[in-house]
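Subject: The structure I promised you

Hi,

Here is the structure we talked about, ready for you to open. Have a look at it first, and then read on for what turned up.

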Amino acid sequence: MSGPATEGARPDDARRHNRGAVLRRLHREGPCTRAVLAAELGLNRSTIKAVVGELAESGLVGERLPTQRSGAGRPSLLVLPAPRAAVVLAVDIRVDRVAMALVGLGGEILGRCSWQLHPGSERPREVVTRVIESARMLAAELGSPVVAAGVSVPGVVRWEDGLVREAPHLEWTDVPLGELLTAGLRMPVAVTNDAELGALAEHTRGAGKDVDDLVFVAGDIGVGAGVISGGSVLRGADGYLGELGHMVVRPNGERCHCGRRGCWETEVGAEALARALGLTGRAGRGELLAELRELSADPSVTSSRLDEFTGWLELGLINLVNLLAPRMVVLGDLLGSVPDSVLASVEREVRAGSVVSRAVAHTSVVRSALGPDAQLIGAAELAFGPVLAAAE
Ligand SMILES: [Zn+2]
């Protein structure tokens, strides 16, 4: 987020800053009147008029009458982002599928597609080729140019150039994904891990919109965490932060694909969830979700079958809250579909068991508000970052 708008700095800087602040506000929160913009950003009405005028001239915003009138008198015009003024490509690569979308300024999804992947058998270059072809098709259907792309990968990704160091469940090692996609798509491409993008999405448009310190736990076949701290994404050295699924919680536990035993992922990942539910370790996401839905409908059986799983979830989250001090933990992917009773128990235990949670007057534990689209929306926001900065 940009800081407060200014009226006292050098005129050019102040103008640019104010343009950025107005554009970001409209992109994140949607249409509003000039009066609301002025009040929220602490600018006077003539400044807002000038800034909106400039943005309208660049085609980035428009103004129209509200569809619903409030009160008597002349209605105030709504200022709204122009979706096609800046369209980005969002790509969410999962272990078993790829989802893609074109997203306009303001966050509207203007087109989308997806296809299945066969875990372990998809060669990176084939996936890259299909992403490039699908992007061309989506852009042709929309008829608008696409200015940048953001990509989510379930793995360890170097922030600087989008090199996928390890994506174990895809069986990818040292894949120069950022480089290949930048060359193929002929636009700036940013690649990062799925949990970071879940966190960014929930912070921008989801469950943690007004929460500047949050952790998103992406719990699928692998488990990772994305961290927003002080309103910014935490990335760590070279962008490798996020492998919280490999914190060891049970030293003599199950063997993890990372080489160690007893990683948190082996107790709360999809395979562990399948075991807890009495399904085989190879159960697909659909099967797991159906089983969770059934359990949610019958709370009496939930607690006993998922007791142990819930315990491991609680243990890991207490560690994570003590380590990262979030005000909110957002559970995404499969973990976002656990029954209410599990969620309530987890929140209770985190509150009771974490010194940090007690100190911040309780960390809330909630489901993702964006569901399966979280990473896709995060990938779009990643791409919008430099686009919005350039539009200032
Ligand atoms: Zn591990």
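Let's begin with the metal. The four donor atoms around the zinc ion subtend angles of 104 to 119 degrees, so the arrangement is tetrahedral. Keep in mind while you look that this is a predicted model.

Which residues hold the zinc ion? H246 coordinates through ND1, while C256, C258 and C263 each use SG, at 2.0 to 2.3 Å. If you want to pick them out in the sequence, the spacing of the donor residues reads H-x9-C-x1-C-x4-C.

Are the cysteines at the zinc ion buried or exposed? Here is how they come out one by one:

- C263 has 0% relative accessibility and therefore counts as buried.
- C256 comes out at 4%, so C256 is buried too.
- C258 is at 39%, which lies between the 20% and 50% cut-offs, so C258 counts as partly exposed.

As for disulfides, the count is zero. That follows from the rule used, because a disulfide needs a pair of cysteine sulfur atoms within 2.5 Å.

Now the overall layout. The protein is split into domain 1 (11-81), domain 2 (85-197 + 374-390) and domain 3 (208-369). Note that domain 2 is written as two stretches of sequence. How far apart are domain 1 and domain 3? Their C-alpha centres are separated by 40 Å.

On to the rings. Searching the whole structure for aromatic pairs gives zero. There is a charge over a ring, though: R235 places its charged end over the ring of W159, at 3.5 Å from the ring's centre.

Two more residues to click on:

V127 is part of helix 4, which runs over residues 124-142. With a relative accessible area of 2%, V127 is well under the 20% cut-off and so is buried. From V127 to R250 you cross 123 residues in sequence, and the C-alpha to C-alpha distance is 36 Å.

L214 belongs to strand 12 (residues 214-219). L214 has 0% relative accessibility, so L214 counts as buried. L214 and H257 are separated by 43 residues in sequence and by 28 Å in space, again C-alpha to C-alpha.

That's what I have for now. Shout if anything is unclear once you have it open.

Cheers

Terms used:
Residues are numbered from 1 along each chain as its sequence is written. This is a predicted model: local features need pLDDT of at least 70, side-chain atom pairs count only at pLDDT 80 or more; totals for chains, interfaces and linings use all residues. Side-chain values use heavy atoms; hydrogens and water are left out. Donors are N, O and S atoms within 2.8 Å of the metal (3.2 Å for Na, K and Ca); water is not among the atoms, so sites may look incomplete. Four donors count as tetrahedral if all angles lie between 85 and 135 degrees; four count as square planar and six as octahedral if opposite donors are over 155 degrees apart and all others between 65 and 115; anything else is irregular. Buried means under 20% relative accessible area, exposed over 50%, partly exposed in between (1.4 Å probe, protein chains only). Domain bounds come from an automatic or database domain assignment. Rings of Phe, Tyr and Trp (its six-membered ring) pair if their centres lie within 6.5 Å; planes under 30 degrees apart count as stacked, over 60 as edge-to-face and the rest as tilted. A charge sits over a ring if NZ of Lys or CZ of Arg is within 6 Å of the ring centre and within 35 degrees of the ring normal. Helices (H or I, at least four residues) and strands (E, at least two) are DSSP runs, numbered from the N terminus.
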